[in-house]
Structure formats: structure tokens, C-alpha cells
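Please examine the model below, then consider the questions that follow.

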Amino acid sequence: MTSLITGKTVISALDYKGLCKNKNNVGRPCRLLFVAHREEILMQSLNTFRAMLKDANFGELYNGNHMEIPEGIPDWVHGEWKSGGFV
């Protein structure tokens, strides 16, 4: 486990962007599950991914306060983990 504020989320977003552009992934959905234990971290990570990917609509947020489930399987989810399970 590493500390906060070291750029891990930025590196994750760049890795995700590179993975999605990889020619071996053509035709397959590029999916992401980002899990954290606090809503603040989820919101910060979601905003970081949106900024790095230049996509203001990127991601879905699932936690105790935001649980609207879209139809189908979302490709990008930022979910909160508490007490051994998703909230």
C-alpha cells in the first residue's frame, strides 16, 4: 500500500488510456473497476480520470449516496468498499 498524493491515480488513468488504445484490444470493451474506501477518494479519482481522458462523461459512481444502476453493464465503475462489501 502506498500513501496518497503520489500520482498513482494519474498513472492509472494513463495506463488505462494506453490499454484502450492497444491494437490487441480492438473490438473489445475497455473496462475499469476502481475501488476505494471513501467517497472523497472516489470523486477525486473519477475527476482525475475524466481530466486525463478528456471525457467529462467518463465513469459511473456507486456508493451509499450514488447507486443509480444503468441498463446493461457499465464499462467504467468507481465503487466504494466498506465493511467487507460494496456499499
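Aromatic contacts, core and charged pair

Q: Are Tyr16 and Phe58 buried or exposed?
A: This is a predicted model, in which local features need pLDDT of at least 70 and side-chain atom pairs count only at pLDDT 80 or more, while totals for chains, interfaces and linings use all residues. Residues are numbered from 1 along each chain as its sequence is written, and side-chain values use heavy atoms, without hydrogens or water. Buried denotes under 20% relative accessible area, exposed over 50% and partly exposed the range in between (1.4 Å probe, protein chains only). Under these limits, both Tyr16 and Phe58 are buried.

Q: How many aromatic pairs are there?
A: Rings of Phe, Tyr and Trp (its six-membered ring) pair if their centres lie within 6.5 Å; planes under 30 degrees apart are stacked, those over 60 edge-to-face, and the rest tilted. By this rule, the number of aromatic pairs is four.

Q: Which geometry does the pair of Tyr16 and Phe58 have?
A: The ring centres of Tyr16 and Phe58 are 5.7 Å apart. Their planes stand at 65 degrees, so the pair is edge-to-face.

Q: How many residues apart are Tyr16 and Phe58?
A: Helices (H or I, at least four residues) and strands (E, at least two) are DSSP runs numbered from the N terminus. Tyr16 belongs to helix α1 (residues 8–21), whereas Phe58 sits in the loop between α2 (39–53) and β2 (60–62). The pair thus links distant parts of the chain, with a separation of 42 residues.

Q: Which geometry do the rings of Phe49 and Phe58 have?
A: Phe49 and Phe58 are both buried. Their ring centres lie 5.8 Å apart with planes at 5 degrees, so the pair is stacked.

Q: Which element gives the largest share of the largest nonpolar core?
A: A nonpolar core is a set of buried Ala, Val, Leu, Ile, Met, Phe, Trp, Tyr and Cys residues joined through side-chain atoms within 4.5 Å. The largest one has twelve residues, among them Ala13, Tyr16, Phe34, Phe49 and Phe58. Elements giving two or more residues to this core are α1, β1 (32–36) and α2. The largest share, four residues, comes from α2.

Q: Which residue forms a salt bridge with Arg38?
A: A salt bridge requires a side-chain nitrogen of Lys or Arg within 4 Å of a carboxyl oxygen of Asp or Glu, and this rule yields one. Arg38 is partly exposed at 35% relative accessible area. Its partner is likewise partly exposed, at 45%. With closest N and O atoms 2.7 Å apart, the residue bridged to Arg38 is Glu40.
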